Amino acid sequence: IPSQGPGFGSVELPEGMDDLAFAEQLHDKHGVFLVPGSMFELPGTLRIAWQQSGERLQEGLDIVAGALAQ
């Protein structure tokens, strides 16, 4: 059944990485808003909602990937 609203997913962070600090860094440096998984009793993850589509979504995902690579 097709989704009637935005989709959600999560990204598992490297072991020991602070999800809240990483989410704040992404927002402050890049304007990307992700919810720390610890807010959903899933520490060490980030919740992603794909409310954007196409190029804008890809841009945000590329920023997250780049920040994780650092």
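Start with Val11: it stands opposite Leu46 in β3. This is a predicted model, in which local features need pLDDT of at least 70, side-chain atom pairs count only at pLDDT 80 or more, and totals for chains, interfaces and linings use all residues. Residues are numbered from 1 along each chain as its sequence is written, and side-chain values use heavy atoms, with hydrogens and water left out.

**Whole chain**

Show the full chain as a cartoon. Two helices and three strands appear. Helices (H or I, at least four residues) and strands (E, at least two) are DSSP runs, numbered from the N terminus. Their order from the N terminus is β-α-β-β-α.

Now switch on the surface. About 5,200 Å² is exposed, and carbon and sulfur atoms supply 53% of it. Accessible areas come from the Shrake-Rupley method with a 1.4 Å probe; for residues, only the protein chains shown count as cover. Of the 70 residues, 24% count as buried. Buried means under 20% relative accessible area, exposed over 50%, and partly exposed in between (1.4 Å probe, protein chains only).

Look at contacts next, meaning heavy atoms within 4.5 Å. Among those between residues at least 6 apart in sequence, 59% join residues at least 24 apart.

**The strands**

Select β1 (residues 7–12) together with β3. They pair in the antiparallel sense over six bridges. Two strands pair if DSSP finds at least two bridges between them.

Add β2. Strands β2 and β3 run antiparallel, joined by two bridges. Pick Pro36: its bridge partner in β3 is Leu46. Leu46 also stands opposite Val11.

**Thr45**

Stay in strand β3 and select Thr45. Is Thr45 buried or exposed? Its relative accessibility is 14%, so Thr45 counts as buried. A polar atom of its side chain lies 2.6 Å from the backbone oxygen of Leu42. A polar contact is a pair of N or O atoms within 3.5 Å; within protein, one must be able to donate a hydrogen and the other to accept it, and residues adjacent in sequence count only if both atoms are side-chain atoms.

Show the neighbours of Thr45, leaving out residues up to four places away in sequence. Thr45 touches Val11, Glu12, Leu13, Asp19, Val35, Pro36 and Gly37.

**Helix α1**

Select residues 19–30. The 12 residues of this helix should span 16 Å at 1.5 Å a residue, and the end C-alpha atoms are 16 Å apart, which agrees. The expected span is 1.5 Å times one less than the number of residues.

Colour the buried residues of α1: Asp19, Phe22, Ala23 and Leu26. They cover an arc of only 100 degrees around the axis, so they sit on the same side of α1. The arc is that of the directions from the helix axis to the C-beta atoms. These buried residues pack against β2 (35–36), β3 (45–50) and α2 (54–69).

Rotate to the face turned away from the buried side. Exposed Asp28 and Lys29 are there.

Check both ends. At the start of α1, a side-chain oxygen of Asp18 comes within 2.9 Å of the backbone nitrogen of Leu20. Just after α1, Gly31 has a positive phi of about 75 degrees.

**Leu26**

Finish in helix α1, at Leu26. Leu26 is buried, with a relative accessible area of 1%. Which residues are in contact with Leu26, leaving aside its neighbours within four places in sequence? They are Gly31, Val32, Leu34, Leu46, Ile63, Val64 and Ala67. Draw the C-alpha distance from Leu26 to Ala67: 7.7 Å in space, with their positions 41 residues apart in sequence numbering.
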